[in-house]
Amino acid sequence: TGTTVNAALAEDVETLEDLVVIGYGSVKKSSLTSAVSKMDAKGIENRPLARAETALQGQLAGVTVRTVTGEPGADLQIRVRGAASVNANSDPLYVVDGVPTNNLTWINPADIETIEVLKDAASSAIYGSRGSNGVVLVTTKKGKKGKLNVSANVIYGVQSLEKKLDIMDSKEWMSFNIKAIDERYLIAARRRGNTNASIGDDTNTRLNNLGLSTTVWGNSHYTYIQDPRWFKYVDSKYSAGHNITIDGIDPAEDLSLLDWQSEFFENAPVQDISLNISGGNENTSYLFSGGVYDQQGIAVGTNYKRYTARTNIESRLNKYLTLGMSLAPTYITRDGGGRANGKDTRAHHVLSAAPVSELSVGYKTNVEPNIQYLWSGTTSSPISFMENIRHDDILQLKGNVYLGVTPFDGFKLEFTGAADYFDLDGQTYTFSRTQSSWSQGEGVNSSGGHNTQRTWNTLLQALANYNKTFGLHTVGLMAGTSKEERNIGYSTNQTFNKPFPNDAVTGSFDGSNVAIGTDVVSQFTSNRLVSVFGRTQYDYDNRYLFSASLRFDGGSIFGANKKWGLFPSISAGWNIARESFFKNLDLNWINMLKLRASYGATGNNSISNTAAYPTLAAVNYADLAGYNANSLGNADLGWEKTHSTDLAVDFGFLDNRIQMSVDWYTKNTTDLLYMVPTLGASGFSTVWDNLGDIQNKGLEIELNSNNLVGEFRWNTSFNLSYNKNKVISLGVDDTPIYSGFDGSNISNILKVGEPANSFYLYEAIGVWGSQKEIDDYAVERGVTNVTFEGKKIVPGDLRYRDVNLDGAFDKENDRVMLGSPIPTMTYGMTNQFSYKNFDLSILLTAQTGGKIFGVLGRAIDRPGMNPNSNMMDVWMNSWWSEEDQGDGHTPYILSSTTGGTVDSRWLWSSDYLRIKNLTFGYKLPFNPGYISFARIYCSIENLWKWDNYYNGYSPEAANTASNSVPGGQSALGLDYGSYPLSRIVTFGLNINF
């Protein structure tokens, strides 16, 4: 006989009944019909985060978080299901406790309870004209009924440089310059008819052959004569045969051999302290918190401090009324902001600075009273430059009050008023440090500045919610209206030129005693938004789910004919696993099987507040003040519109120990906000208009599994996102639009059928090794000479792919599409292990399919550059002659044929795999009667990275080289010397009383 066992796996009620915050409300996860991803406080704890957004990296499918710079406190780039814009901002909308905000700079990550990201239009359309780029909803911690709870989190860590670039060290630089100076000497001598010149010529012979003075030396002398002290540092193959002497220099003297990266990027501390006090009774709940985050940047002279406080109070006045308030002041100080990230900043110059100086000078080269090292460039010490003052004090105060009225069960009215005050006070002072500026005396050529900015944002909002269950039917209705006004305020900017009495007046001086350079006061044009919105939800037995929303927005920043926009959405779900026919299939191991489908329309209004209006600018003419036209207006300028669809399936297996969601989406953005060319007769070259369409489509997978349960636990969270971006149209004739880090160096293109801002470059395939190779190719192509943009190709020049096979390389016919700055795939995986009181978590992040353009190569990795600056060490294998052809990929340093050309030599894969975070903790066995919880832990951020990016620190980097570039540098994937990321090793203590 046998025994029949009927086993039924119960649903994980805790997981499925979790509430997910959506716009102006919440819904059970099991009833969700739109694409919303959620992360709770567990993903934030134990990590020293300057920005709360950092916690999202690698955690949520479809949410790409890019750390474009390691500068303390700097913004991150967040994209939800790809970039849906070109000229307008592609950042998501942030909403904290129901109140929209510009960013999350001001919030202490330790105060966050949950973060939800609204990814599809069905969820984000309720935010109407601001929902195209997704919505990030942040819910802060609240007090709970019960006894007083006190918790503290203390973190201390040390940061170090994650990666050093492979630039030449001191000996390599001297070796390279010995060869380069010899080459320049031989070329110059032979041009003067001295065909017998050789590198063995002594100093006077060289000078005589070049017609240079042998007694009075100038800058040109050091172009052709080496420093005799170099030869004792380099290999004999570089020093053999030389007879160089310079009066006043002892060849036996030592030089200072510099490692700028190690000196400029130093180990630096970071600490984060948070305290939270909460509690409540039947009628009132409260939370008070405070935090101090102090991060000294790894780049000298940079630091960031954030002081936060928060008060959340809610009180039930009686059966019908609830009153609540939130107050969150934040004070931030930062030094050196923007001085070590991007073109012509210290992160650029610290790599190009010559790694040799006089022994007595060291790293203080070309800084008062030291003159520059005569064989180096004129750049002053990047380290000394960071001693210049750039200090910002920022105060931000956010507060809101709300009144809840519940006249009867299931119906609630809520009235909210919120305000946001921002105050920035910045000071700068630049010392007279360089050789050319200190000669007239201390302070004479110094400069200073003072700028302020004060703005207000306000919100008035009224909501009505009705939720009721009638048997198997659950109905939810929401209606609301809001009025927002943003950017109310002004800014001042005052600069002070020479002369200052001395440099002791840094940051505090009487402006009446110095020359005022500029004194500008700007009154901001505010941005007003009036909205009416509503949503209906229906749930039948948690089987058939339906939701629809509608929002009507009126915005001040758009043209007179396009002030108003309508944004609808609809979504539905079918929970198949709850159907009786499914239960009869004997598939009890499947606990949840839900289909979802949605459609919605959203907008993007992230442009200048005056883009639609003709503006005037103040001018002076013949000492008379006046105004002239500054921009054209466009009465028909309206919102970008994104129409999105989402088809999805949610699974739950094995008592919901395995849960998976798969979403397939499309985002079609039309009426792109763009600066389009206009008739020159207008006096302007561009005007804001709506032009063009972009499409994003992709696949997302989120998987959560409880692999092992019991005393030893192992949980895994995995997400994968695939996104394909494509330009659909560009105005009437689809004319391509070119861009780059400036107007003459084109690297990117907007072209129909291609991803937005694709790389459009000459493709370097090697180096022309010999004249015979060039002549043979000319014969093969049937031309007399092989040319590059009209210049004759010579041995040692870069060789490009001849696309049209005509033997002439030119921009019109030989540039090709070489990939996109947008990764096609992003990945994240977290594994959490626990055994008794021990726990371990590992977060991996990765991306594939994108490219990054290391424009820093223009300064340290191109033919024609002056080797008196430093350069990438690949140049040790460069072409020197037909007999010494190097590695076949690195050209001749003295070639000028392609010296100013941007090409694929600087284009690199942005693929990477990073161990983003590893945390090991131990729960201390305290008596719970005194200490309810205590845990110590060690956490390592950016533990390890695998990538192939040679020209920069991080394949995520992006920084501004020119403010006039369409879409900005982040959109173009350009890196001109980023502030590097740091590896952070921290130790922490969590304790609850």
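# Positive phi, burial and sheet edges

User: D671 lies in the loop between β29 (658–670) and β30 (673–677). Why is D671 called partly exposed?

Analyst: The model is predicted; local features require pLDDT of at least 70, side-chain atom pairs count only at pLDDT 80 or more, and totals for chains, interfaces and linings use all residues. Residues are numbered from 1 along each chain as its sequence is written, and side-chain values use heavy atoms, with hydrogens and water left out. The relative accessible area of D671 is 31%. Buried means under 20%, exposed over 50% and partly exposed in between, with a 1.4 Å probe and protein chains only. The value for D671 therefore falls in the partly exposed class.

User: What is noted about phi of D671?

Analyst: Phi of D671 is about 55 degrees, a positive value, although D671 is not a glycine. R81 also has a positive phi, near 55 degrees, and is a residue other than glycine.

User: Where is R81 placed, and why does R81 count as buried or exposed?

Analyst: R81 sits in the loop between β5 (77–80) and β6 (93–96). Its relative accessibility is 2%, so R81 counts as buried.

User: Why is T686 assigned to its class of exposure?

Analyst: T686 has a relative accessible area of 30%, and is therefore partly exposed. T686 belongs to strand β31 (residues 686–690); strands are DSSP runs of E of at least two residues, and helices are runs of H or I of at least four, both numbered from the N terminus.

User: Which residues are in contact with T686, leaving aside its neighbours within four places in sequence?

Analyst: They are M675, V676, P677 and T678, where contact means heavy atoms within 4.5 Å. Q494, by C-alpha positions, is 30 Å from T686 in space and 192 residues away in sequence.

User: What is the order of the open sheet that contains β34, and why are β34 and β42 at its edges?

Analyst: Four strands are arranged as β34-β35-β36-β42, with antiparallel pairing. β34 (737–742) and β42 (816–817) each have a single partner strand, so one side of each is left without a neighbour in the sheet.

User: What makes β34 and β35 a pair?

Analyst: Two strands pair if DSSP finds at least two bridges between them. Five bridges join β34 to β35 (residues 745–750), and the two run antiparallel; the criterion is therefore met. Y738 stands opposite I749, while L750 is the bridge partner of I737. A hairpin of two residues connects β34 to β35.

User: Why does the pairing of β38 with β41 qualify?

Analyst: Strand β38 (residues 787–788) is joined to β41 by two bridges, so the minimum is reached; these strands run parallel. F788 stands opposite F809 in β41. Both strands belong to an open sheet of three strands in the order β39-β38-β41, with mixed pairing. β39 (791–792) and β41 (808–809) stand at the edges of this sheet, each with a single partner strand, so one side of each has no neighbour there.

User: What makes the bond between E368 and P369 notable?

Analyst: The peptide bond joining E368 and P369 is cis, with omega about 5 degrees. P369 lies in the loop between β16 (356–358) and α9 (382–385).

User: Why does the radius of gyration of the chain agree with that of a compact globule?

Analyst: For 993 residues the rule gives a value near 30 Å, and the chain has 32 Å, which agrees. The radius is taken over C-alpha atoms, and the rule is 2.2 Å times the number of residues to the power 0.38. Of these residues, 52% count as buried. The chain contains 15 helices and 49 strands.
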